[in-house]
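Reader: I would like to learn how to read a sheet and a chain contact. Please take them one at a time.

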2 protein chains.
Amino acid sequence: MSSVFEQMHKFFNPSSVAVVGASKKIMKAGHVIFKNFADSKRRGVFQGELYPVNPGEEQILGYKCYPSLTEITGEVELVVISVPARFVPKVMEDAAEKKVKVVAIISGGFGEIGKHELEERVRTIAERAGIRVLGPNCLGVYDSSTGVDMLFLPETKVLTTGDEVVATPRPMPGPIAIVTQSGAFGVAALDYLAGRQLGVTKFVSFGNKIDVNESEMLEYLLHDEQTRVILLYAESIEAGREFMDVARRVTVEKPIVALKSGKTEAGIRAALSHTGAIAGTDRIYDAVFKQVGVLRVKDMEEFFDAGKALAFQPPAAGRNVAIITSAGGPAIMAADECESRGVRVKRFSDETIGKFEALKEAGKIPSFATNLNPLDLTGSVTSDMFVEGMKILLEDREVHSIIVIGLHHAPALQEDFVDRIAGLAKNYTKPIVACDIGETEMALYIRFRFDKHGIPAYFSPEDAARAVVALVNYGQYLKKTGSFERYVEKFKKNKT
Amino acid sequence: MSSVFEQMHKFFNPSSVAVVGASKKIMKAGHVIFKNFADSKRRGVFQGELYPVNPGEEQILGYKCYPSLTEITGEVELVVISVPARFVPKVMEDAAEKKVKVVAIISGGFGEIGKHELEERVRTIAERAGIRVLGPNCLGVYDSSTGVDMLFLPETKVLTTGDEVVATPRPMPGPIAIVTQSGAFGVAALDYLAGRQLGVTKFVSFGNKIDVNESEMLEYLLHDEQTRVILLYAESIEAGREFMDVARRVTVEKPIVALKSGKTEAGIRAALSHTGAIAGTDRIYDAVFKQVGVLRVKDMEEFFDAGKALAFQPPAAGRNVAIITSAGGPAIMAADECESRGVRVKRFSDETIGKFEALKEAGKIPSFATNLNPLDLTGSVTSDMFVEGMKILLEDREVHSIIVIGLHHAPALQEDFVDRIAGLAKNYTKPIVACDIGETEMALYIRFRFDKHGIPAYFSPEDAARAVVALVNYGQYLKKTGSFERYVEKFKKNKT
């Protein structure tokens with residue numbers, strides 16, 4: 001039997017796909033899914049064979065339509081099923097006969113609404129035939145580079161006014177993989193990442209998990225070169241030992257950020273009625289995640305923020321962070337958040353403070369700048385001052401990471417400070433994150449520009465601090481497991 | 001002597017203003033400030049007299065320029081000073097001679113850089129003359145309705161490319177007042193609120209606080225009809241007893257949301273070097289705020305989120321929240337956040353569950369919807385289903401607040417669900433907040449539309465939950481002080 005990697009690979013990179021339930025009717029999931037593949041094929045992105053299956057149609061979008069899987073002459077590696085639940089066992093029988101390797105069952109109407117017997121029938125057929133199954137009741141797979149797109153939610157939606165607007169965007173290719181138990185949240189995550197111009201390698205939604213589970217997907221993503229960070233949303237994780245084993249092997253190679261919901265009594269009740277899973281005591285998850293190096297976050301925003309930080313910055317070699325700022329108040333907020341999460345904003349060394357004093361004497365930073373950490377360049381800040389300050393912090397061996405708070409409102413600060421900081425940073429593997437506050441043109445420009453240079457930028461000082469917390473905690477885990485140097489070397493290589 | 005209200009009122013609504021240090025040079029603060037007033041006067045918003053003071057100019061922007069305050073013939077109520085620190089005592093002497101009532105000293109270069117003696121001289125002159133002083137080293141005042149605008153940061157900034165972009169926007173008129181110790185953060189807050197289309201009544205930045213402090217401003221805002229919520233940013237609060245006294249009187253009339261930084265050792269050190277203030281033990285602030293009903297938030301985002309919730313929604317009459325959702329995962333996240341912050345997501349009453357079951361039987365919501373709390377209408381949700389669910393929750397006396405999680409990705413959900421929910425909600429004084437996740441067109445549209453109806457919308461389930469936490473905690477305080485009914489009556493009156 002083929003390896004887990006080879007099996008999972010077929011979901012993301014099939015040589016041939018049949019969509020059972022493909023349809024001409026635009027409101028049908030089977031239409032959207034088939035059209036995704038057809039569009040992708042026309043553009044030369046999806047390069048496999050494509051077959052619509054529907055006994056009621058002759059042709060769909062120019063493709064010859066087959067009445068059943070067994071009528072297809074060529075080989076079929078992947079089947080995507082989008083027909084009413086009661087027809088799924090028959091489709092599975094056909095898939096078995098056709099020697100299909102992997103099946104994604106998008107259709108709902110199984111265990112999640114109490115139809116356990118139907119679900120069990122599907123599982124038995126698959127097991128007997130050696131077919132690996134994703135779902136049922138899931139959104140399946142989206143792969144930004146191979147053109148596999150099983151999301152039945154069309155990219156645009158037509159409002160009651162007749163206007164067509166983007167509703168469920170597909171993010172561009174990028175370093176982040178999303179593994180999610182909740183389809184709805186997964187789609188929302190794609191929408192978020194697309195809007196923030198963060199790229200995604202692969203997306204997979206499990207639904208009822210009758211076969212393929214998160215452990216196998218993690219195993220696959222471990223070997224997937226494009227994936228640099230894994231974002232995992234879960235309400236429950238079964239097969240604890242298997243999960244721990246694979247997570248341990250993954251996290252020394254690439255970070256896993258976990259948003260595990262169902263923490264409180266009410267949350268657990270909600271999780272129970274959502275997927276029928278027993279969420280278990282939350283503290284156990286805390287302990288397990290910690291042990292195997294999975295970075296657990298406290299909410300949705302930190303989930304994305306940490307993912308962005310880890311995708312673009314190296315981990316921190318130690319717990320000391322320096323804050324360089326144009327604004328005192330926000331620097332205090334960042335310092336508070338760092339310290340309360342175990343990242344140290346310790347007083348700079350006398351040597352470093354001496355260097356700042358020398359800059360003052362030379363008139364290169366304001367004489368009234370405070371410089372114990374934070375280094376507060378005040379509202380008189382210029383691009384030059386940020387550059388001078390950064391040079392010293394990047395060289396300081398006691399500083400393991402840097403938060404740049406550059407509020408664009410400062411009158412003499414030109415926007416080129418972003419490019420200049422990025423230029424300096426290239427020569428170091430010291431993690432840097434940035435913050436600018438505001439929601440109008442200039443703030444969006446500054447944050448976007450930092451992001452573009454691979455310096456993740458955040459809209460609040462505490463968000464920036466939490467991003468550093470992720471980089472520090474991951475660095476600490478890598479150090480503990482003796483894999484820090486290797487990871488950083490690989491990170492550097494990937495970057496260039 | 002006039003009342004504190006009358007004194008403070010002159011900062012926001014002066015019958016005459018002189019800008020000392022007014023200039024033609026566009027890079028000078030005195031230019032920007034004078035131009036703000038002149039522009040505002042030309043548009044008929046600022047209706048007081050306006051005088052530029054600068055011995056080096058004959059005319060500025062068409063206004064006759066005076067060599068000193070004492071040369072002005074008419075009365076001068078408010079003076080805004082933007083000249084180098086060393087000239088400020090002389091300007092204060094002139095102001096005393098001219099019988100000026102209030103002065104805002106924008107200029108820096110006093111206590112914050114160790115020039116305590118200079119600061120003391122200014123304070124003494126002011127005290128002797130009975131002049132109330134804001135600052136020095138502050139951004140002063142912005143009032144969206146009277147046209148007073150002392151912000152020396154121009155609204156737009158020119159990039160190195162030559163493009164002019166919005167850099168420091170002024171928000172439109174609205175219900176939120178901002179009282180801030182940090183000018184830089186205050187400006188960033190204006191930028192944020194403007195971008196999110198949240199309106200501001202008044203903005204005041206204190207700087208070194210040699211005279212006017214937050215307690216007096218709170219006293220003023222207590223009596224300011226337009227202000228419905230006060231956002232207070234502080235690194236330290238002196239005159240604790242005075243603050244407690246006034247805060248206690250304010251919070252039974254309108255909420256105060258406080259972001260107090262300087263919580264950790266590093267944060268306190270940073271605060272100390274920022275404003276020279278001893279931040280004191282953080283726990284004392286916690287206790288004081290709690291005692292007088294000030295709602296303390298944990299970070300910048302919650303600061304704005306809570307402000308928005310309290311500005312547009314009534315407080316909750318009790319701790320029970322209902323969650324109605326199209327997506328299971330995000331509902332669990334919201335439930336977790338509520339419960340961990342003391343807001344109860346308790347199982348609905350049998351009566352309410354019975355009503356949902358009846359809806360299922362009538363085919364009005366999906367038969368597989370879970371309905372214990374959260375009410376999960378699933379990805380099959382339609383506008384009608386949200387309406388049916390909301391009707392029951394709004395009527396349920398055991399439900400004190402509602403979180404609506406309506407992810408626009410659900411294929412059959414039309415955007416009119418927002419308007420329809422808002423239409424229903426109008427007949428109740430039960431607080432409602434909303435969440436949609438995503439950053440592309442449709443998500444922005446849905447959140448904006450909710451906001452427009454006065455139902456504050458958030459981009460993450462936890463943010464929505466924290467907004468409810470603020471509404472619940474404020475409601476609890478009002479109940480405890482016996483002012484809940486009166487507040488809600490007034491809230492209803494203001495709304496219509």
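Author: Start with the sheet, and bear in mind that this is a predicted model. In chain A, 5 strands make up an open sheet with parallel pairing, and their order is β2-β1-β5-β6-β7.

Reader: Which are the edge strands of chain A?

Author: An edge strand pairs on one side only; here these are β2 (49-53) and β7 (132-134) of chain A. From one strand to the next, the twist averages 20 degrees.

Reader: Over how many bridges do β1 and β2 of chain A pair?

Author: Strand β1 (residues 16-20) of chain A and β2(A) are joined in the parallel sense over 5 bridges. To find one of them in the model, take A:A18, whose bridge partner in β2(A) is A:Y51.

Reader: Which strands does helix α1 of chain A touch?

Author: Helix α1 (residues 4-12) of chain A packs on the sheet and touches β5 (78-81), β6 (102-105) and β7 of chain A. The direction of this helix makes about 50 degrees with that of β6(A).

Reader: Now the contact between the chains. How many residues does each chain give?

Author: The size of an interface is often given as the accessible area lost when the parts come together. Here the count is by residue: 76 residues from chain A and 76 residues from chain B.

Reader: Which element gives the largest share on the side of chain A?

Author: That is α11(A), with 11 residues. Elements of chain A that each supply at least two residues to this side include β10 (164-166), α5 (183-195) and α16 (461-480).

Reader: How do the residues on that side divide?

Author: The side of chain A that touches chain B has 35 nonpolar, 22 polar and 19 charged residues.

Terms used. Residues numbered from 1 in each chain as written. Chains lettered and ligands numbered in written order. Predicted model: local features only at pLDDT ≥ 70, side-chain atom pairs only at ≥ 80, totals over all residues. Pairing = 2+ DSSP bridges. Helix = DSSP H or I, 4+ residues; strand = E, 2+ residues; numbered from the N terminus. Axes fitted to C-alpha atoms, helices over the stretch in contact; angles between N-to-C directions. Contact = placed C-beta atoms within 7 Å. Nonpolar A, V, L, I, M, F, W, Y, C, P; charged D, E, K, R; others polar.
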